[in-house]
Amino acid sequence: MENDTKLYTIDDVKIAVDKSIDEFTKNKVFSALEAGTWGVKDYQSLLLTLFYQVYQGTMSFAAAASNCPSRFVLLREYLVHHAAEEMDHYHWIIDDLKSTGYEGPEPKDLLPSTEALAYVSFNVNNALHNPHARIASSLILEGLGQKYGGWFGNMVIEKTELTKDNLSFFLSHGETDKEHIVELWEVVSKCEMTSDEWKWMAHSAKVAGTFYKGMWDSSVS
């Protein structure tokens, strides 16, 4: 990123988001699922890996909102609204775990994986130092939910003994994210950012995609 004289715009963010979403499809979970080697225990492992991110993620939304300059008032309001909306989604993970017969430790009592902690810490860093770019992670996750949430849920039902009753977290996001991603891009498009701010957001989209894919990969034994 040194000696970069390019003028960055929202188009560079869109390119970075699309590339990260495409790269995500190469994750080990998708590969194992399609190969028929992924089952209930793997599903529980994935849910437990994602739990910490879902449980803590809304906190960095709120932190980013509090650090946004006044010229990003729309983004600040969206972050607060989104934090409240996503606040209790970790309950879906707990419900899905219970529905599969999980009898292990309470997810809140488990230490996060290296990959989950890296992803959450990255979002906290942005919330504190580059609050506008905290939303880059949402562009990745909401985009993935819109594009692959329903597909993943249906593939799990087809390839494993799991049913819709075990997949509330993924199937619900597959529907809600279709609206969220449209709203999110609308808010981002109304932010008048500098080239450096767009540049950091594009970089954050790449980093978010790398860390999030790492979480899914790490859940496969």
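Start by selecting Q53, G57, S60, Y119, V120, N123 and R134, the residues that line the second largest cavity. You are looking at a predicted model, so treat each stop as a feature of that prediction. The space enclosed here has a volume of about 30 Å³, and the structure holds two cavities of 30 Å³ or more.

Now colour the lining by class: two of its residues are nonpolar, four are polar and one is charged. Then show the helices around the cavity. Both α3 (40–67) and α6 (114–129) contribute at least two lining residues each.

**Along α3 to α9**

Keep α3 on screen and add helix α9, residues 195–218. How do the two helices cross? Their axes come within 8 Å, at an angle of roughly 145 degrees. To see the contact itself, select L46, T49, L50 and Q53 on the α3 side, then Y212, M215, W216 and S218 on the α9 side. Q53 may look familiar, as this residue also belongs to the cavity lining. By class, the contact between α3 and α9 is made of five nonpolar and three polar residues, with no charged ones.

**On to the aromatic rings**

Next, show the rings of Phe, Tyr and Trp. The model has 21 aromatic pairs. Zoom in on F24 and Y212, a stacked pair whose centres are 5.6 Å apart, with 20 degrees between the planes. Which parts of the chain does this pair tie together? F24 sits in helix α1 (residues 10–24) and Y212 in helix α9, so the pair joins parts that are 188 residues apart in sequence. Switch on a surface and check both partners: F24 is buried, with a relative accessible area of 4%, and Y212 is buried too, at 8%.

For another geometry, go to F51 and Y90, which form an edge-to-face pair at 6.0 Å centre to centre, with 90 degrees between the planes. This pair also links distant parts of the chain, with F51 in helix α3 and Y90 in helix α5 (residues 90–99), 39 residues apart. F51 counts as buried because its relative accessibility is 3%, under the 20% cut-off. Y90 is likewise buried, at 13%.

**Last stop: the ring cluster**

Finish by selecting F24, F30, W38, Y43, Y119, Y148, W151, F152, F169, F170, Y212 and W216, which ring pairs link into a cluster. Several stops meet here: Y119 comes from the cavity lining, Y212 and W216 from the α9 side of the helix contact, and F24 from the stacked pair with Y212.

Terms used: Residues numbered from 1 in each chain as written. Predicted model: local features only at pLDDT ≥ 70, side-chain atom pairs only at ≥ 80, totals over all residues. Heavy atoms only, no water. 1 Å grid on protein atoms, 1.4 Å probe; cavity = no way out; pocket = protein on both sides within 12 Å on 5 of 7 lines; lining within 4 Å. Points joined across faces, edges and corners; volume = space filled by probe spheres on them. Helix = DSSP H or I, 4+ residues; strand = E, 2+ residues; numbered from the N terminus. Nonpolar A, V, L, I, M, F, W, Y, C, P; charged D, E, K, R; others polar. Axes fitted to C-alpha atoms, helices over the stretch in contact; angles between N-to-C directions. Contact = heavy atoms within 4.5 Å. Phe/Tyr/Trp six-rings, centres within 6.5 Å; stacked < 30°, edge-to-face > 60°. Buried < 20%, exposed > 50% of the residue type's maximum accessible area, 1.4 Å probe, protein only.
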